[in-house]
Amino acid sequence: MINVVLKMDEKEIELIGDNHISHNTDTPMLPTAFDKTDAEKIKTIEYHFSEIMKELGLDLSDDSLSGTPYRVAKMYVKELFSGLNPENKPQLSVFENKYGYNKMLVDQNINIDSACEHHFLPITGFAHVAYVPKNKVIGLSKINRLVDYYARRPQVQERLSMQILKDLQESLDTEDVIVMISAKHLCVSSRGIKDKNSTTTTLVYGGCFEKKQYRADFLNIIDQPST
Ligand SMILES: [Zn+2]
């Protein structure tokens, strides 16, 4: 395997700008990613975040601000980015498909709480997932947990969709999976172009969903008002 490390100078970063392009399904991680404990990471991030705040001119001796570096650090490690650590991956218990159910199963309106890796600003929206079981079925809430696990990382929406798809295809032992995500990116609505209304939709699929009819059935179900 050849590892190519590309370093960009500031000008190149500006040029790439908001083109949220990703070429690999895996989140790029350092080999040392889990050498430190969560507590050690929180301590280090707390220090660096306090430096950012001071650089912005904020007075950290103020009661309201003094706890912010710790709160941000804890929020990053334990909540927003907890999905970086494979230890936090939910157990995906799959069961034998005893009923022989072999039609589409749809899990829709799953909350997405993620953050864009280019600006560390929220991505919020919904995921809709469907699969056609072969020999295995999965507990419904497990799909929600899996979506949440991959969302809790600095992300690009395309990669998030693909990570969920790939994992479900492997866990369920079938290619017949489809994942749709519609989300708002705060980096688009609150800065840059400041478009408040646009949403971004990604659709990834394999197996039977390569056929238009299967995708149409799925999209039809998604369109129905949910109870
Ligand atoms: Zn962004």
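In this predicted model, Val179 sits across from Val204, a residue of strand 7. Val179's neighbourhood is a pair of antiparallel strands: strand 6 (residues 177–185) and strand 7 are joined by 6 bridges. Strands of a sheet pair up through backbone hydrogen bonds, and they can do so either parallel or antiparallel.

Zooming out, strands 6 and 7 belong to an open sheet of 5 strands, lined up in the order 5-2-3-6-7 with mixed pairing. Strand 5 (154–155) and strand 7 (200–205) are the edge strands; each has a single partner, so one side of each has no neighbour in the sheet. Helix 5 (residues 140–151) packs on this sheet, where it touches strand 2 (105–116), strand 3 (122–131) and strand 5. The directions of helix 5 and strand 2 make an angle of about 20°.

Now for helix 2 (residues 38–55). With 18 residues at 1.5 Å each, helix 2 should span 26 Å, and the 25 Å between its end C-alpha atoms agrees with that. Which residues of helix 2 are buried? Lys41, Ile42 and Glu46 are. They take up an arc of only 135° around the axis, which means that they lie on the same side of helix 2. A bit of helix geometry helps here: an α-helix has 3.6 residues a turn, so residues three or four places apart point the same way. The buried residues of helix 2 pack against helix 4 (68–80). Over on the other side of helix 2, the exposed residues are Glu40, Thr44, Tyr47, His48, Glu51, Lys54 and Glu55. After helix 2 comes Gly57, with a positive phi near 95°.

Key. Residues numbered from 1 in each chain as written. Predicted model: local features only at pLDDT ≥ 70, side-chain atom pairs only at ≥ 80, totals over all residues. Pairing = 2+ DSSP bridges. Helix = DSSP H or I, 4+ residues; strand = E, 2+ residues; numbered from the N terminus. Contact = placed C-beta atoms within 7 Å. Axes fitted to C-alpha atoms, helices over the stretch in contact; angles between N-to-C directions. Expected span 1.5 Å × (residues − 1). Buried ≥ 20, exposed ≤ 12 C-beta atoms within 10 Å, placed from the backbone. Arc of directions from axis to C-beta.
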